[in-house]
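Visitor: Got a minute to walk me through this one? I'd like to start with the aromatics and then wander.
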Amino acid sequence: MGEQKYDRLNESESINVKVQDIKEYEEASSDNMGAQDINYPTQHNTDTTGSLIKFMFWLFCVCFSLAGVQFVYSIQFALGTPLFINKFKLTNSTTSIIQSIAGPVSGFVVQPIIGVYSDSCKSKWGRRKPYIVFGAVFVVIGLLVIAFSPQIGELFGDKADGATTADHKSGLAIAIAGFVVMNLSVNIMQGPTRSLVSDICPMDKQNLANSMAVNVMGFASIIANIIGSFFATNENSYRDLFVIGAGFVAFSVVPTIIVAKEKQLDSSIKSPSSPLEAFIRIKRAFVTIPKELALISLVFFVSWFGFSPFMVTNTSYFQQNVFNGESEGLKFGFYGQAVFSAVSFFFSFFLSGLCNIFGEKIVYSASQLVAGASLILFLVFDHAKPWLAILLTGIVGINFCVFNAIPFAMMVKVISSKDIGLYMGVLNSSAVVSQTISIFTSGRVEAAKNQNVAWGIAYGGLFTLLGVFLAFILPKSKKVTEQINEESPLIK
């Protein structure tokens, strides 16, 4: 594509592309130059209200696969823990081990590998979309396996009304297998969708694009939790909601596949010749990670460490601490998660503007402070009134919005566009390692405190407060810095 250079500007305006370079880009696009093709939607100008609305709708559709991803996570953490505890009779601490292995470990393994392969995918459908569709198919399969795991277990001899884990061993094994398939597959969807957003959105709108990604995720989570609240007290609530989730995931990929236009890579672009070569590239990425991305990953790691115990035990808190084990607690847990998602959803509309006014560091630090205090208050008000538990849950939504947008927008500014998929996997690896350690260790804290999940949530809150200070090591905003040569990949 010729030499294409960018000037890194302040993080609100991102990167301006030289006029001559745009001409070179357009000429290269017509020749299918592959990895250089960033697919900027130059047809969307946002100078007028109408064009801005059109662009935002286009961006919403591009991100919509993330709605399916978030729907999966919402029902997994809202229902997964109660499913293992209530249906299969596991303890909170044992469930935390399953949650810390099935999801985070699969993400650590899958996302970097898929990133490497999707960066060089030569499918006529584009680099990312084949992986998004493939992942969605197996997410649906995993969800259906989980949905019917108790009934399948009964076919193999489980007791429907059994009081111990031994009475449900077949169904438990099937449910765990479904969780593994679902989590492996949702990571195949998630990484390429995030990369696709970064690939085809103009560089000067990356903050807006990542805010929209959180917006879509919040939208999906609201739907999941509202639906969940209606089904929470049903006898077959687990089955019904996982089946609904399967249908939602299948639908979510359709707008992305239709709207997102990718160019086919040139056949000269080298793909990994074997999984071993892919692992070598991943190893090099970790070893040669740019300093700025290392700092972003560290802050991202701590943010997820603080949030993860809350993520997997919030509905259990409502059921066990607020309602003393009554089924009504699960319903209110869904209400709380719906409020959490609504706060995240609406805050995402203001995030880009707040970053422009105060800067990413201040916004990030403030969100960590508010969330950290809220998470610790779950323990202070150990048996909170329902309204207070919902209020504390909703406040944490601000933080979720911020740490799922700012790190991704920053990442795009410090790496080559040709390696987006690989480094997206590297960034997400910091999150999944964090989740694994955090969920496991918080489970030990809960075990030491009579399975009281409030202690685990507050334990996470301490790390969230650490993020208040770590936010200030994020890459510094600069008006002008060195240029990036897009023809010089970070990995050779």
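Visitor: F307 and F403, buried or exposed?
Guide: F307 is buried, and F403 is buried too. Keep in mind that this is a predicted model.

Visitor: How many aromatic pairs are there overall?
Guide: The count is 36. Take F307 and F403 as an example: their ring centres are 5.6 Å apart and the planes meet at 65°, so the pair is edge-to-face.

Visitor: Where do F307 and F403 lie?
Guide: F307 is in helix α12, and F403 is in helix α15, residues 386–403. The two are 96 residues apart in sequence, so their pairing ties together separate parts of the chain.

Visitor: What about Y317 and F378, how are those rings arranged?
Guide: Edge-to-face, with 5.0 Å between centres and 85° between planes. This pair also links distant parts of the chain: Y317 sits in helix α12, F378 in helix α14, 61 residues away. Y317 has a relative accessible area of 0%, so Y317 is buried. F378 is buried as well, at 0%.

Visitor: Which residues form the aromatic cluster?
Guide: The members are F300, W304, F307, F310, Y317, F318, F340, F378, F400, F403 and F408.

Visitor: And which charge sits over the ring of F408?
Guide: That of R194. Its charged end is 3.8 Å from the ring centre of F408. Elsewhere, R444 lies over the face of F440, at 5.1 Å from the ring centre.

Visitor: Back to α14. What does α14 pack against?
Guide: Its buried residues pack against α9 (206–231), α12, α13 (328–358), α15, α16 (406–412) and α18 (453–470).

Visitor: Which residues of α14 are buried?
Guide: E360, V363, Y364, S365, S367, Q368, A371, G372, S374, L375 and F378.

Visitor: I see steps of three and four in there. Why would residues three or four places apart point the same way?
Guide: An α-helix has 3.6 residues a turn, so residues at that spacing face one direction.

Visitor: What span should α14 have, at 1.5 Å a residue?
Guide: 30 Å for its 21 residues. The end C-alpha atoms are 30 Å apart, so the model agrees with the expected span.

Visitor: New topic, the nonpolar core. Which residues touch the most other members of the largest one?
Guide: L143, F242, F307, Y317 and L351, out of 116 residues in that core. Helix α12, residues 291–322, gives the largest share, with 13 residues.

Visitor: What does L143 touch?
Guide: Leaving out residues up to four places away in sequence, L143 touches V72, I75, M182, F242, G245, A246 and V249. There is also a second, separate core of five residues, including V110, I114, Y131 and I188.

Visitor: How many disulfides?
Guide: Zero. For C61, the nearest cysteine sulfur belongs to C63 and is 9.4 Å away. The cut-off for a disulfide is 2.5 Å, so that distance does not qualify.

Visitor: C61, buried or exposed?
Guide: Buried. C61 has 9% relative accessibility, and the limit is under 20%. C121 is at 12%, so C121 counts as buried too.

Visitor: Zooming out, what does the secondary structure come to?
Guide: There are 18 helices and three strands in the chain. It has 492 residues, and 59% of them count as buried.

Visitor: And what share of the contacts join residues at least 24 apart?
Guide: 82%, taken among contacts between residues at least 6 apart in sequence.

Terms used. Residues numbered from 1 in each chain as written. Predicted model: local features only at pLDDT ≥ 70, side-chain atom pairs only at ≥ 80, totals over all residues. Heavy atoms only, no water. Core = buried A, V, L, I, M, F, W, Y, C linked by side-chain atoms within 4.5 Å. Buried < 20%, exposed > 50% of the residue type's maximum accessible area, 1.4 Å probe, protein only. Helix = DSSP H or I, 4+ residues; strand = E, 2+ residues; numbered from the N terminus. Contact = heavy atoms within 4.5 Å. Phe/Tyr/Trp six-rings, centres within 6.5 Å; stacked < 30°, edge-to-face > 60°. Lys NZ or Arg CZ within 6 Å of the ring centre and 35° of its normal. Expected span 1.5 Å × (residues − 1).
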